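The exercises below are meant to be worked with the sequence and the coordinates open side by side. Each task is followed by a solution that proceeds step by step.

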Amino acid sequence: MVELSMTQAQAPAERQTGKIALRWVLYIVLVLFALFYLLPLFVMLTTSLKSLEEIRTGDLIALPREVTFAAWRTAWSEACTGIQCEGVRPFFWNSVLIALPAVAISTLLGAMNGYVVAQWSFRGANLFFSLMLFGCFIPFQVVLLPMARVLGLMGMAGTIPGLIFVHVIYGLGFTTLFFRNYYVSIPSELTKAAKVDGAGFFRIFWSIFLPLSLPIIVVTVIWQFTQIWNDFLFGVSFSQAGTQPVTVALNNIVNSTTGIKAYNVDMAAAIIAGLPTLLVYVIAGKYFVRGLTAGSVKG
Amino acid sequence: MAPILEINNLYKSYGSIEILKDINVSIEQGDFLVLVGPSGCGKSTLLNCIAGLEPISGGEVHIGGRDMTNVSPKDRDIAMVFQSYALYPTMTVAKNITFGMKVRGVDQATQEKKLAYVAQQLQIEQLLNRKPGHLSGGQRQRVAMGRALVRDPKLFLFDEPLSNLDAKLRVEMRTEIKSLHQRLGASMVYVTHDQIEAMTLATKIVVMKGGIIQQIGTPAEIYNHPANLFVADFMGSPAMNLIPAKARSDSAGTRIEIARKSGEPMVLTDRKNLSLPENVIIGVRPENIADANAQSGSDSQEADCVIDIVEPAGADTYAVMELGGKHVTARLHAETTASPGVMQRLAFDLGKVSYFAPDTGLRLN
């Protein structure tokens with residue numbers, strides 16, 4: 001009897017140390033992974049704040065001895081992207097002009113598509129949805145040639161509206177998918193009740209479904225903004241010198257330095273290019289997950 | 001006066017599957033029609049066809065004397081209450097109720113007057129500024145009824161409105177719906193799978209199975225004179241006892257012989273001379289089998305039966321025995337002396353029995 005109680009007393013203590021040890025291992029592994037991922041960002045930041053002299057003579061991961069913002073100023077308004085030397089500023093503005101309308105239009109159209117497919121069953125609805133879904137999985141590269149042809153035929157090749165068009169078309173598959181999955185969980189009796197009340201197709205969408213959709217609108221906007229802002233392939237294929245987005249400009253800055261590579265300017269330009277999506281994630285990131293898992297209607 | 005609702009030869013198919021076959025029903029102003037049947041019998045589909053939410057494949061629907069077969073739901077002068085209430089989640093109760101009026105362009109003053117009247121009728125005045133998410137099940141149901149009431153329609157349609165409520169609330173709301181019907185004198189069509197709701201609420205019941213109407217009648221007719229085996233078994237709780245028997249006409253009337261596992265068959269004599277086939281199924285409700293005593297009526301026939309199981313249920317005691325190879329339940333008084341394994345003298349009220357043909361299931365008497 002005594003032996004039994006002794007082993008019982010020992011076992012919890014052992015389990016306790018075992019647990020603590022595991023905890024430590026877990027945290028150490030997590031910290032290592034975090035460092036691994038954050039190190040490039042750290043290096044970028046510190047490099048952008050150093051002078052070229054310091055970069056050449058100093059350590060890669062050392063903190064700047066003298067903090068200077070000269071590289072940032074150059075990156076913003078003086079760096080050369082090919083022939084022009086205006087920095088990333090005009091191209092940053094191009095990206096804004098492309099991303100904001102494209103996000104808004106693709107979200108609105110996706111909402112309407114999702115609403116139709118989920119709530120108004122018509123012959124071929126499932127086939128239609130499957131085709132749209134298929135579109136999500138077509139790689140960018142496959143679309144390049146046909147899209148170039150279409151843009152040429154419409155007279156929009158190399159223009160900002162042309163790029164907006166491309167991004168809206170390409171994003172429709174995803175946005176329809178998001179909204180359709182969200183609306184499918186709304187009972188069809190809601191549409192029936194509205195029909196009996198006299199509301200028509202657009203009225204039901206505007207007064208009943210859109211107000212319910214905030215979680216999935218947030219998800220779609222975050223997703224689309226990130227995709228469109230970070231896109232390089234469409235940007236480089238369908239724009240010309242004045243209409244390039246910031247991702248293309250960044251590539252040009254890095255590739256068109258003659259003589260000494262101005263690492264600090266390149267780093268500053270890269271951070272400027274990536275800042276909007278980073279900010280979107282920091283501010284609204286948790287809403288992304290919440291929105292995806294949100295239920296829409298109770299009762 | 002024209003019937004408030006008239007359905008003529010209605011057929012409904014989804015592709016090649018026939019959901020409703022040759023439905024003919026009509027009700028007068030003030031009637032409470034209940035469509036009852038097991039899951040999948042087509043009652044909700046029929047309701048949706050009446051509402052115009054589903055197109056029909058054949059036949060006609062007339063509401064208030066007008067042919068509404070091709071008219072959209074909003075012009076049919078109907079209102080509908082759904083099983084899941086279907087309240088607009090982002091609008092307050094007040095906006096939920098006035099949404100239909102807003103869509104039709106009714107002016108603000110009339111909207112407010114009607115809203116106040118309905119809120120007072122259903123006692124939901126204090127809930128007007130809340131959203132549906134902050135209401136209990138019973139409150140949501142009342143708001144859904146308010147939304148229907150405010151339309152002042154010719155016909156109210158209810159699609160299993162009480163199925164989502166707990167048992168106690170269901171009984172309360174059932175009484176409220178019945179009192180609403182009496183107060184307003186409105187015409188209502190109500191779908192349910194619960195035969196107790198059907199019996200308590202209806203002035204007219206339609207029993208459906210497999211898309212076909214089994215019987216139309218008042219609750220008393222359906223209960224006392226079921227048209228076939230399905231209706232006999234479906235309506236009434238506990239279910240009617242359906243016992244296979246042999247029938248033979250003789251000088252005393254009709255001799256009914258029911259086989260028993262203890263060898264000798266039980267013999268009852270029905271004084272009416274019915275021309276029954278040799279093999280019948282006799283339907284007796286549990287309350288028509290009672291302890292034999294001086295109060296048994298003139299149609300009662302007494303017999304000794306061995307009781308298998310006794311189930312005391314408070315006000316009554318159910319005694320289960322085996323007759324004709326089936327379990328037969330009798331509803332006895334709580335103070336009965338019946339006990340398991342003991343022979344008990346029971347009286348069968350043959351004035352209230354139904355006879356069915358075993359092959360077709362149809363009623364014979």
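## Exercise 1: a helix and the sheet it crosses

Task: describe how helix H1 of chain B is placed on its strands, and then work out the order and the edges of the sheet S2-S1-S4-S5 in chain B.

Solution. Begin with the helix: in this predicted model, helix H1 (residues 43-51) of chain B lies across S1, S2 and S4 of chain B and runs at about 115° to S1(B). Next, take the strands themselves, of which four form an open sheet in chain B, with the order S2-S1-S4-S5 and antiparallel pairing. From that order the edges follow in turn: they are strand S2 (17-27) and S5 of chain B, each of which pairs on one side only. Finally, look inside the sheet, where strand S1 (residues 5-14) and strand S4 (residues 58-63) of chain B pair in the antiparallel sense over five bridges; to fix the register, note that Glu6(B) stands opposite His62(B) in S4(B).

## Exercise 2: the five-stranded sheet

Task: establish the strand order of the five-stranded open sheet of chain B, and explain why one side of S15 and of S18 in chain B is left without a neighbour in the sheet.

Solution. The order is S15-S19-S16-S17-S18 in chain B, and the pairing is antiparallel. Strand S15 (289-291) and strand S18 (326-333) of chain B stand at the edges and each has a single partner strand, so one side of each remains without a neighbour in the sheet. As for the geometry, neighbouring strands of this sheet are turned by 50° against each other on average, when direction is ignored. One pairing can be followed in detail: strand S16 (residues 300-312) and strand S19 (residues 343-349) of chain B are joined in the antiparallel sense over seven bridges, with Gln301(B) standing opposite Phe348(B) in S19(B).

## Exercise 3: two backbone details in loops

Task: locate the cis peptide bond between Ser237(B) and Pro238(B), and the positive phi of Asp77(B).

Solution. For the peptide bond, omega between Ser237(B) and Pro238(B) is about 0°, and Pro238(B) is found in the loop between helix H8 (229-234) and strand S11 (241-250) of chain B. For the second detail, Asp77(B) has a phi of about 60° although it is not a glycine, and its place is in the loop between strand S5 (66-67) and strand S6 (78-81) of chain B.

## Exercise 4: the contact between the chains

Task: characterise the contact between chain A and chain B by its residues, its buried area and its polar interactions.

Solution. First, the residues: chain A contributes 18 and chain B contributes 23. Second, the area: the two chains bury about 1900 Å² between them, of which 64% is on carbon and sulfur atoms. Third, the polar interactions: there are four residue pairs in polar contact, both residues being at pLDDT 80 or more. The elements giving two or more residues to the side of chain A that touches chain B are helix H8 (188-197) and helix H9 (201-212) of chain A, and H8(A) gives the most, with eight residues. The residues of that side divide into nine nonpolar, three polar and six charged.

Fourth, the salt bridges: of the 14 counted over all chains, one lies between chain A and chain B. The side chains of Arg151(B) and Asp197(A) meet in it at 3.5 Å, N to O. Arg151(B) lies in the loop between helix H4 (137-149) and strand S7 (155-159) of chain B and Asp197(A) in helix H8 of chain A, so the pair joins two chains.

Technical notes:
Residues are numbered from 1 along each chain as its sequence is written. Chains are lettered from A and ligands numbered from 1 in the order in which they are written. This is a predicted model: local features need pLDDT of at least 70, side-chain atom pairs count only at pLDDT 80 or more; totals for chains, interfaces and linings use all residues. Side-chain values use heavy atoms; hydrogens and water are left out. Contact means heavy atoms within 4.5 Å. Buried area is the accessible area (1.4 Å probe) that two parts lose on being put together, summed over both. A salt bridge is a side-chain nitrogen of Lys or Arg within 4 Å of a carboxyl oxygen of Asp or Glu. A polar contact is a pair of N or O atoms within 3.5 Å; within protein, one must be able to donate a hydrogen and the other to accept it, and residues adjacent in sequence count only if both atoms are side-chain atoms. Ala, Val, Leu, Ile, Met, Phe, Trp, Tyr, Cys and Pro count as nonpolar, Asp, Glu, Lys and Arg as charged, and the others, Gly among them, as polar. Two strands pair if DSSP finds at least two bridges between them. Axes are lines fitted to C-alpha atoms, for helices over the stretch in contact, and angles run from 0 to 180 degrees between N-to-C directions.
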